[in-house]
2 protein chains.
Amino acid sequence: MSDRLPPRAERRRRTEERILGAARALFAELGFERTTIRAVARAAEVDPALVMQYFGSKQELFRLAARVAPPPAAGLDADELVGHLLGTLDTKIGALSQGSLAMMRSMLTHPEAAAAAREVLGRQIDSLAASIPGDDARLRAALMTVVMLGVTVGHQLLELEELRTAPQEEIARLLRPSLRALTGQEVS
Amino acid sequence: MSDRLPPRAERRRRTEERILGAARALFAELGFERTTIRAVARAAEVDPALVMQYFGSKQELFRLAARVAPPPAAGLDADELVGHLLGTLDTKIGALSQGSLAMMRSMLTHPEAAAAAREVLGRQIDSLAASIPGDDARLRAALMTVVMLGVTVGHQLLELEELRTAPQEEIARLLRPSLRALTGQEVS
DNA sequence: GTCTATAAAGAGATAGAC
DNA sequence: GTCTATCTCTTTATAGAC
(Lines give C-alpha, C1' and ligand atoms only; values in the text may rest on other atoms or scores of the structure.)
Protein backbone atom coordinates (compact mmCIF):
# COMPACT_ATOMS: atom_id res chain seq x y z
CA MET A 1 0.00 0.00 0.00
CA SER A 2 1.93 3.03 -1.21
CA ASP A 3 0.36 6.31 -0.23
CA ARG A 4 0.26 7.65 -3.74
CA LEU A 5 -2.85 6.80 -5.74
CA PRO A 6 -3.18 3.13 -4.96
CA PRO A 7 -2.74 1.65 -8.41
CA ARG A 8 -4.82 -1.38 -7.64
CA ALA A 9 -8.15 0.04 -6.58
CA GLU A 10 -7.80 3.16 -8.68
CA ARG A 11 -6.92 1.34 -11.85
CA ARG A 12 -9.75 -1.05 -11.27
CA ARG A 13 -12.20 1.79 -10.76
CA ARG A 14 -11.11 3.44 -13.99
CA THR A 15 -11.36 0.24 -15.95
CA GLU A 16 -14.85 -0.35 -14.58
CA GLU A 17 -15.81 3.16 -15.60
CA ARG A 18 -14.43 2.66 -19.09
CA ILE A 19 -16.43 -0.53 -19.48
CA LEU A 20 -19.56 1.18 -18.20
CA GLY A 21 -19.08 4.03 -20.65
CA ALA A 22 -18.71 1.65 -23.56
CA ALA A 23 -21.74 -0.28 -22.38
CA ARG A 24 -23.84 2.88 -22.12
CA ALA A 25 -22.92 3.91 -25.64
CA LEU A 26 -23.64 0.52 -27.17
CA PHE A 27 -26.84 -0.13 -25.23
CA ALA A 28 -28.01 3.36 -26.19
CA GLU A 29 -27.29 2.77 -29.86
CA LEU A 30 -28.27 -0.88 -30.31
CA GLY A 31 -30.46 -1.86 -27.38
CA PHE A 32 -30.06 -4.76 -25.01
CA GLU A 33 -30.40 -7.71 -27.38
CA ARG A 34 -28.08 -6.56 -30.13
CA THR A 35 -25.37 -5.43 -27.74
CA THR A 36 -22.90 -8.21 -26.92
CA ILE A 37 -20.48 -8.53 -24.04
CA ARG A 38 -17.81 -9.08 -26.64
CA ALA A 39 -18.56 -5.78 -28.37
CA VAL A 40 -18.55 -3.89 -25.08
CA ALA A 41 -15.20 -5.41 -24.21
CA ARG A 42 -13.79 -4.52 -27.61
CA ALA A 43 -14.96 -0.92 -27.29
CA ALA A 44 -13.50 -0.64 -23.79
CA GLU A 45 -10.31 -2.38 -24.91
CA VAL A 46 -10.48 -5.10 -22.29
CA ASP A 47 -10.97 -8.82 -22.32
CA PRO A 48 -14.56 -10.08 -22.52
CA ALA A 49 -14.00 -12.29 -19.48
CA LEU A 50 -13.05 -9.22 -17.48
CA VAL A 51 -16.45 -7.69 -18.13
CA MET A 52 -18.11 -10.79 -16.72
CA GLN A 53 -15.64 -10.84 -13.81
CA TYR A 54 -16.53 -7.28 -12.88
CA PHE A 55 -20.26 -7.22 -13.55
CA GLY A 56 -21.35 -10.81 -13.21
CA SER A 57 -23.85 -10.88 -16.03
CA LYS A 58 -25.04 -8.94 -19.04
CA GLN A 59 -28.24 -8.19 -17.20
CA GLU A 60 -26.40 -6.59 -14.30
CA LEU A 61 -24.16 -4.60 -16.65
CA PHE A 62 -27.27 -3.24 -18.32
CA ARG A 63 -28.86 -2.44 -14.98
CA LEU A 64 -25.89 -0.26 -14.04
CA ALA A 65 -25.42 1.26 -17.50
CA ALA A 66 -29.08 2.21 -17.87
CA ARG A 67 -29.35 3.79 -14.47
CA VAL A 68 -30.95 7.17 -14.87
CA ALA A 69 -30.68 10.28 -12.75
CA PRO A 70 -33.78 11.05 -10.69
CA PRO A 71 -35.82 14.01 -11.95
CA PRO A 72 -35.18 17.31 -10.17
CA ALA A 73 -37.46 18.36 -7.37
CA ALA A 74 -40.97 19.72 -7.78
CA GLY A 75 -42.91 22.57 -6.21
CA LEU A 76 -43.16 24.89 -9.17
CA ASP A 77 -46.11 26.67 -10.68
CA ALA A 78 -47.44 25.78 -14.09
CA ASP A 79 -45.26 28.24 -15.97
CA GLU A 80 -42.07 27.13 -14.33
CA LEU A 81 -43.14 23.56 -14.90
CA VAL A 82 -43.46 23.98 -18.64
CA GLY A 83 -40.22 25.91 -18.75
CA HIS A 84 -38.47 23.13 -16.91
CA LEU A 85 -39.85 20.41 -19.18
CA LEU A 86 -38.79 22.33 -22.25
CA GLY A 87 -35.39 22.84 -20.69
CA THR A 88 -34.91 19.09 -20.61
CA LEU A 89 -35.00 19.15 -24.37
CA ASP A 90 -31.28 19.57 -24.22
CA THR A 91 -30.76 18.71 -27.81
CA LYS A 92 -27.61 20.71 -27.52
CA ILE A 93 -24.45 18.77 -27.04
CA GLY A 94 -24.56 15.56 -25.11
CA ALA A 95 -28.29 15.31 -25.62
CA LEU A 96 -29.78 13.16 -22.93
CA SER A 97 -27.46 11.26 -20.69
CA GLN A 98 -26.30 8.04 -22.29
CA GLY A 99 -27.84 6.15 -19.40
CA SER A 100 -31.29 7.54 -20.13
CA LEU A 101 -30.92 6.80 -23.80
CA ALA A 102 -29.86 3.24 -23.03
CA MET A 103 -32.94 2.79 -20.92
CA MET A 104 -35.25 4.31 -23.50
CA ARG A 105 -33.77 2.39 -26.41
CA SER A 106 -34.74 -0.90 -24.83
CA MET A 107 -37.89 0.11 -23.00
CA LEU A 108 -40.23 -1.41 -25.60
CA THR A 109 -38.50 -4.76 -25.90
CA HIS A 110 -36.67 -5.51 -22.68
CA PRO A 111 -38.80 -6.26 -19.60
CA GLU A 112 -36.40 -4.73 -17.10
CA ALA A 113 -35.96 -1.58 -19.17
CA ALA A 114 -39.73 -1.32 -19.47
CA ALA A 115 -40.10 -1.52 -15.71
CA ALA A 116 -37.42 1.13 -15.24
CA ALA A 117 -39.13 3.38 -17.77
CA ARG A 118 -42.48 3.02 -16.07
CA GLU A 119 -40.89 3.92 -12.77
CA VAL A 120 -39.08 6.99 -14.07
CA LEU A 121 -42.12 8.22 -15.99
CA GLY A 122 -44.32 7.50 -12.99
CA ARG A 123 -42.13 9.68 -10.81
CA GLN A 124 -42.26 12.45 -13.36
CA ILE A 125 -46.04 12.16 -13.45
CA ASP A 126 -46.18 12.38 -9.66
CA SER A 127 -43.93 15.39 -9.71
CA LEU A 128 -45.95 17.21 -12.37
CA ALA A 129 -49.32 16.29 -10.91
CA ALA A 130 -48.36 17.95 -7.64
CA SER A 131 -48.19 21.30 -9.44
CA ILE A 132 -51.43 21.00 -11.40
CA PRO A 133 -54.84 21.79 -9.92
CA GLY A 134 -58.00 19.84 -10.55
CA ASP A 135 -59.33 16.29 -10.40
CA ASP A 136 -57.71 15.31 -13.63
CA ALA A 137 -54.25 16.48 -12.57
CA ARG A 138 -52.72 13.02 -12.84
CA LEU A 139 -54.05 12.42 -16.32
CA ARG A 140 -52.89 15.84 -17.43
CA ALA A 141 -49.48 15.17 -15.93
CA ALA A 142 -49.33 11.80 -17.68
CA LEU A 143 -50.16 13.42 -21.01
CA MET A 144 -47.49 16.09 -20.54
CA THR A 145 -45.04 13.31 -19.77
CA VAL A 146 -45.84 11.20 -22.83
CA VAL A 147 -45.81 14.29 -25.04
CA MET A 148 -42.23 14.90 -23.97
CA LEU A 149 -41.53 11.19 -24.38
CA GLY A 150 -42.82 11.31 -27.94
CA VAL A 151 -40.68 14.30 -28.80
CA THR A 152 -37.62 12.67 -27.30
CA VAL A 153 -38.21 9.34 -29.03
CA GLY A 154 -38.83 11.05 -32.35
CA HIS A 155 -35.81 13.26 -31.99
CA GLN A 156 -33.13 11.21 -30.24
CA LEU A 157 -34.04 7.63 -31.09
CA LEU A 158 -35.87 7.68 -34.42
CA GLU A 159 -33.98 10.79 -35.50
CA LEU A 160 -36.81 12.19 -37.57
CA GLU A 161 -35.47 14.63 -40.10
CA GLU A 162 -37.89 17.46 -39.25
CA LEU A 163 -36.88 17.39 -35.58
CA ARG A 164 -33.18 16.81 -36.08
CA THR A 165 -32.78 19.84 -38.27
CA ALA A 166 -34.91 22.21 -36.20
CA PRO A 167 -33.18 24.42 -33.62
CA GLN A 168 -34.04 23.50 -30.08
CA GLU A 169 -35.51 26.92 -29.35
CA GLU A 170 -37.87 26.60 -32.28
CA ILE A 171 -39.15 23.28 -30.99
CA ALA A 172 -39.55 24.75 -27.52
CA ARG A 173 -41.40 27.77 -28.90
CA LEU A 174 -43.95 25.65 -30.76
CA LEU A 175 -44.34 23.17 -27.94
CA ARG A 176 -44.85 25.68 -25.14
CA PRO A 177 -48.49 26.59 -25.85
CA SER A 178 -49.24 22.93 -26.34
CA LEU A 179 -47.89 21.99 -22.92
CA ARG A 180 -49.49 25.05 -21.35
CA ALA A 181 -52.83 23.80 -22.64
CA LEU A 182 -52.28 20.52 -20.81
CA THR A 183 -51.68 22.26 -17.50
CA GLY A 184 -55.25 23.52 -17.72
CA GLN A 185 -54.19 27.15 -17.39
CA GLU A 186 -55.76 29.78 -19.55
CA VAL A 187 -53.46 31.22 -22.14
CA SER A 188 -51.71 34.07 -20.38
CA MET B 1 -59.08 -29.40 -60.10
CA SER B 2 -62.59 -29.73 -58.68
CA ASP B 3 -64.65 -26.61 -59.12
CA ARG B 4 -65.59 -26.36 -55.45
CA LEU B 5 -63.19 -24.46 -53.22
CA PRO B 6 -59.92 -26.07 -54.17
CA PRO B 7 -58.78 -27.56 -50.86
CA ARG B 8 -55.15 -27.20 -51.76
CA ALA B 9 -54.78 -23.49 -52.38
CA GLU B 10 -57.52 -22.55 -49.96
CA ARG B 11 -56.13 -24.57 -47.07
CA ARG B 12 -52.71 -23.19 -47.73
CA ARG B 13 -54.00 -19.65 -47.73
CA ARG B 14 -55.73 -20.17 -44.41
CA THR B 15 -52.68 -21.74 -42.83
CA GLU B 16 -50.58 -18.82 -44.02
CA GLU B 17 -53.06 -16.42 -42.52
CA ARG B 18 -53.05 -18.28 -39.21
CA ILE B 19 -49.26 -18.12 -39.09
CA LEU B 20 -49.30 -14.43 -39.93
CA GLY B 21 -51.82 -13.77 -37.17
CA ALA B 22 -49.72 -15.58 -34.61
CA ALA B 23 -46.64 -13.74 -35.83
CA ARG B 24 -48.35 -10.36 -35.53
CA ALA B 25 -49.46 -11.09 -31.98
CA LEU B 26 -46.05 -12.28 -30.84
CA PHE B 27 -44.05 -9.58 -32.62
CA ALA B 28 -46.43 -7.01 -31.16
CA GLU B 29 -45.99 -8.35 -27.65
CA LEU B 30 -42.32 -9.31 -27.59
CA GLY B 31 -40.60 -7.53 -30.46
CA PHE B 32 -38.46 -8.99 -33.20
CA GLU B 33 -35.57 -10.40 -31.20
CA ARG B 34 -37.49 -12.19 -28.49
CA THR B 35 -39.99 -13.71 -30.90
CA THR B 36 -38.85 -17.08 -32.24
CA ILE B 37 -40.02 -18.99 -35.27
CA ARG B 38 -40.66 -21.90 -32.93
CA ALA B 39 -43.02 -19.85 -30.77
CA VAL B 40 -44.89 -18.56 -33.81
CA ALA B 41 -45.27 -22.12 -35.10
CA ARG B 42 -46.50 -23.32 -31.72
CA ALA B 43 -49.07 -20.53 -31.51
CA ALA B 44 -50.27 -21.26 -35.03
CA GLU B 45 -50.23 -25.02 -34.38
CA VAL B 46 -47.98 -25.84 -37.27
CA ASP B 47 -44.49 -27.21 -37.67
CA PRO B 48 -41.62 -24.71 -37.39
CA ALA B 49 -40.24 -25.91 -40.70
CA LEU B 50 -43.52 -25.02 -42.35
CA VAL B 51 -43.14 -21.41 -41.31
CA MET B 52 -39.76 -21.28 -42.97
CA GLN B 53 -41.13 -23.11 -46.02
CA TYR B 54 -43.87 -20.51 -46.44
CA PHE B 55 -42.04 -17.31 -45.54
CA GLY B 56 -38.40 -18.04 -46.24
CA SER B 57 -36.90 -16.22 -43.27
CA LYS B 58 -37.77 -14.63 -39.97
CA GLN B 59 -36.98 -11.26 -41.49
CA GLU B 60 -39.50 -11.75 -44.28
CA LEU B 61 -42.15 -13.01 -41.87
CA PHE B 62 -41.66 -9.85 -39.83
CA ARG B 63 -41.83 -7.70 -42.93
CA LEU B 64 -45.25 -9.10 -43.77
CA ALA B 65 -46.53 -9.18 -40.19
CA ALA B 66 -45.52 -5.61 -39.44
CA ARG B 67 -47.01 -4.18 -42.61
CA VAL B 68 -49.08 -1.19 -41.69
CA ALA B 69 -52.06 0.33 -43.40
CA PRO B 70 -51.33 3.64 -45.13
CA PRO B 71 -52.79 6.68 -43.38
CA PRO B 72 -56.12 7.91 -44.76
CA ALA B 73 -56.12 10.75 -47.22
CA ALA B 74 -55.52 14.40 -46.42
CA GLY B 75 -57.12 17.65 -47.47
CA LEU B 76 -58.82 18.63 -44.26
CA ASP B 77 -58.84 21.87 -42.34
CA ALA B 78 -57.14 22.17 -38.98
CA ASP B 79 -60.21 21.26 -36.96
CA GLU B 80 -60.95 18.14 -38.95
CA LEU B 81 -57.28 17.28 -38.75
CA VAL B 82 -57.22 17.31 -34.98
CA GLY B 83 -60.47 15.40 -34.85
CA HIS B 84 -59.07 12.76 -37.15
CA LEU B 85 -55.88 12.38 -35.14
CA LEU B 86 -57.84 12.01 -31.93
CA GLY B 87 -60.07 9.49 -33.66
CA THR B 88 -57.06 7.27 -34.24
CA LEU B 89 -56.79 6.92 -30.49
CA ASP B 90 -58.98 3.89 -30.85
CA THR B 91 -58.22 2.63 -27.43
CA LYS B 92 -61.52 0.87 -27.62
CA ILE B 93 -61.42 -2.76 -28.53
CA GLY B 94 -58.77 -3.95 -30.89
CA ALA B 95 -56.65 -0.94 -30.14
CA LEU B 96 -54.27 -0.33 -33.00
CA SER B 97 -53.95 -2.99 -35.64
CA GLN B 98 -51.62 -5.74 -34.54
CA GLY B 99 -49.44 -4.97 -37.53
CA SER B 100 -48.87 -1.40 -36.41
CA LEU B 101 -48.14 -2.51 -32.88
CA ALA B 102 -45.65 -5.07 -34.16
CA MET B 103 -43.87 -2.36 -36.10
CA MET B 104 -43.87 0.08 -33.18
CA ARG B 105 -42.74 -2.49 -30.65
CA SER B 106 -39.51 -3.05 -32.55
CA MET B 107 -38.96 0.40 -34.00
CA LEU B 108 -36.29 1.37 -31.46
CA THR B 109 -34.22 -1.80 -31.69
CA HIS B 110 -34.71 -3.34 -35.12
CA PRO B 111 -33.23 -1.49 -38.10
CA GLU B 112 -35.92 -2.51 -40.56
CA ALA B 113 -38.72 -1.63 -38.15
CA ALA B 114 -37.06 1.73 -37.55
CA ALA B 115 -36.97 2.41 -41.28
CA ALA B 116 -40.62 1.44 -41.61
CA ALA B 117 -41.56 3.69 -38.70
CA ARG B 118 -39.70 6.64 -40.19
CA GLU B 119 -41.50 6.11 -43.46
CA VAL B 120 -44.96 5.85 -41.91
CA LEU B 121 -44.38 8.84 -39.65
CA GLY B 122 -42.90 10.77 -42.54
CA ARG B 123 -46.02 10.20 -44.59
CA GLN B 124 -48.17 11.35 -41.71
CA ILE B 125 -46.06 14.46 -41.38
CA ASP B 126 -46.46 15.15 -45.10
CA SER B 127 -50.17 14.66 -44.84
CA LEU B 128 -50.56 16.95 -41.84
CA ALA B 129 -48.21 19.60 -43.15
CA ALA B 130 -50.37 19.98 -46.25
CA SER B 131 -53.20 21.23 -44.06
CA ILE B 132 -51.23 23.66 -41.93
CA PRO B 133 -50.34 27.16 -43.07
CA GLY B 134 -47.03 28.89 -42.45
CA ASP B 135 -43.32 28.37 -42.94
CA ASP B 136 -43.03 26.07 -39.97
CA ALA B 137 -45.82 23.77 -41.13
CA ARG B 138 -43.56 20.75 -41.41
CA LEU B 139 -42.12 21.19 -37.93
CA ARG B 140 -45.60 21.70 -36.49
CA ALA B 141 -46.81 18.59 -38.31
CA ALA B 142 -43.84 16.63 -37.01
CA LEU B 143 -44.59 17.71 -33.45
CA MET B 144 -48.23 16.74 -33.78
CA THR B 145 -47.09 13.37 -35.06
CA VAL B 146 -44.66 12.68 -32.24
CA VAL B 147 -47.20 13.87 -29.68
CA MET B 148 -49.57 11.19 -30.92
CA LEU B 149 -46.66 8.75 -31.01
CA GLY B 150 -45.87 9.47 -27.39
CA VAL B 151 -49.46 8.97 -26.33
CA THR B 152 -49.67 5.70 -28.23
CA VAL B 153 -46.37 4.41 -26.89
CA GLY B 154 -47.29 5.35 -23.33
CA HIS B 155 -50.71 3.85 -23.64
CA GLN B 156 -50.38 0.74 -25.82
CA LEU B 157 -46.78 -0.29 -25.35
CA LEU B 158 -45.69 0.91 -21.92
CA GLU B 159 -49.24 0.64 -20.61
CA LEU B 160 -48.89 3.51 -18.17
CA GLU B 161 -51.49 3.21 -15.47
CA GLU B 162 -52.81 6.77 -15.79
CA LEU B 163 -53.51 6.32 -19.50
CA ARG B 164 -54.80 2.75 -19.34
CA THR B 165 -57.45 3.62 -16.82
CA ALA B 166 -58.62 6.86 -18.43
CA PRO B 167 -61.57 6.72 -20.83
CA GLN B 168 -60.62 7.47 -24.39
CA GLU B 169 -62.92 10.49 -24.58
CA GLU B 170 -61.25 12.00 -21.55
CA ILE B 171 -57.84 11.69 -23.15
CA ALA B 172 -59.18 13.17 -26.37
CA ARG B 173 -60.79 16.05 -24.49
CA LEU B 174 -57.55 17.01 -22.74
CA LEU B 175 -55.42 16.51 -25.81
CA ARG B 176 -57.55 18.52 -28.23
CA PRO B 177 -56.47 22.02 -27.15
CA SER B 178 -52.90 20.83 -27.07
CA LEU B 179 -53.00 19.64 -30.67
CA ARG B 180 -54.97 22.70 -31.71
CA ALA B 181 -52.16 24.83 -30.37
CA LEU B 182 -49.72 23.00 -32.62
CA THR B 183 -51.76 23.74 -35.72
CA GLY B 184 -51.08 27.40 -35.11
CA GLN B 185 -54.77 28.28 -35.04
CA GLU B 186 -56.10 30.64 -32.46
CA VAL B 187 -58.26 28.99 -29.84
CA SER B 188 -61.77 29.07 -31.23
C1' DG C 1 -46.44 -31.39 -49.07
C1' DT C 2 -45.10 -32.08 -44.26
C1' DC C 3 -41.96 -33.04 -40.69
C1' DT C 4 -37.46 -35.21 -38.63
C1' DA C 5 -32.94 -34.50 -37.99
C1' DT C 6 -29.17 -31.75 -38.15
C1' DA C 7 -26.07 -28.27 -39.63
C1' DA C 8 -23.96 -23.78 -38.69
C1' DA C 9 -23.39 -19.77 -36.10
C1' DG C 10 -23.45 -16.91 -32.19
C1' DA C 11 -24.31 -15.94 -27.63
C1' DG C 12 -23.44 -15.84 -22.35
C1' DA C 13 -21.05 -17.93 -18.97
C1' DT C 14 -17.16 -20.64 -16.59
C1' DA C 15 -12.86 -23.16 -15.27
C1' DG C 16 -8.38 -23.00 -14.90
C1' DA C 17 -3.69 -21.58 -16.75
C1' DC C 18 -0.42 -17.93 -16.20
C1' DG D 1 -5.82 -10.40 -11.21
C1' DT D 2 -6.12 -11.22 -16.19
C1' DC D 3 -6.93 -13.84 -20.15
C1' DT D 4 -7.19 -18.43 -22.96
C1' DA D 5 -9.95 -21.89 -24.05
C1' DT D 6 -14.12 -24.06 -23.91
C1' DC D 7 -18.78 -25.40 -22.47
C1' DT D 8 -23.54 -25.19 -23.09
C1' DC D 9 -27.48 -23.42 -24.91
C1' DT D 10 -30.47 -21.37 -28.28
C1' DT D 11 -31.38 -19.81 -32.42
C1' DT D 12 -32.21 -19.73 -37.76
C1' DA D 13 -31.97 -22.32 -41.61
C1' DT D 14 -31.53 -26.54 -44.57
C1' DA D 15 -31.47 -31.30 -46.44
C1' DG D 16 -33.70 -35.18 -47.06
C1' DA D 17 -36.98 -38.96 -45.31
C1' DC D 18 -41.82 -40.19 -45.58
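Author: A polar contact is a pair of N or O atoms within 3.5 Å; within protein, one must be able to donate a hydrogen and the other to accept it, and residues adjacent in sequence count only if both atoms are side-chain atoms. This is a predicted model: local features need pLDDT of at least 70, side-chain atom pairs count only at pLDDT 80 or more, and totals for chains, interfaces and linings use all residues. Residues are numbered from 1 along each chain as its sequence is written, and side-chain values use heavy atoms, without hydrogens and water.

Reader: What makes D47(A) a polar contact of DNA strand D?

Author: A polar side-chain atom of D47(A) lies 3.4 Å from a phosphate oxygen of the strand. The limit is 3.5 Å, so the pair counts.

Reader: How do you know that K58(B) belongs to the residues around DNA strand D?

Author: Near means a heavy atom within 4 Å. A polar backbone atom of K58(B) is 2.9 Å from a phosphate oxygen of DNA strand D, so K58(B) qualifies.

Reader: Why is the pair E33(B) and R34(A) called a salt bridge?

Author: The rule asks for a side-chain nitrogen of Lys or Arg within 4 Å of a carboxyl oxygen of Asp or Glu. Here the closest N and O atoms are 2.0 Å apart, so the pair passes. Across the interface of chain A and chain B the rule finds 6 salt bridges.

Reader: What is the area buried between chain A and chain B?

Author: About 3900 Å², with 72% from carbon and sulfur atoms. Buried area is the accessible area (1.4 Å probe) that two parts lose on being put together, summed over both.

Definitions and conventions. Chains lettered and ligands numbered in written order.
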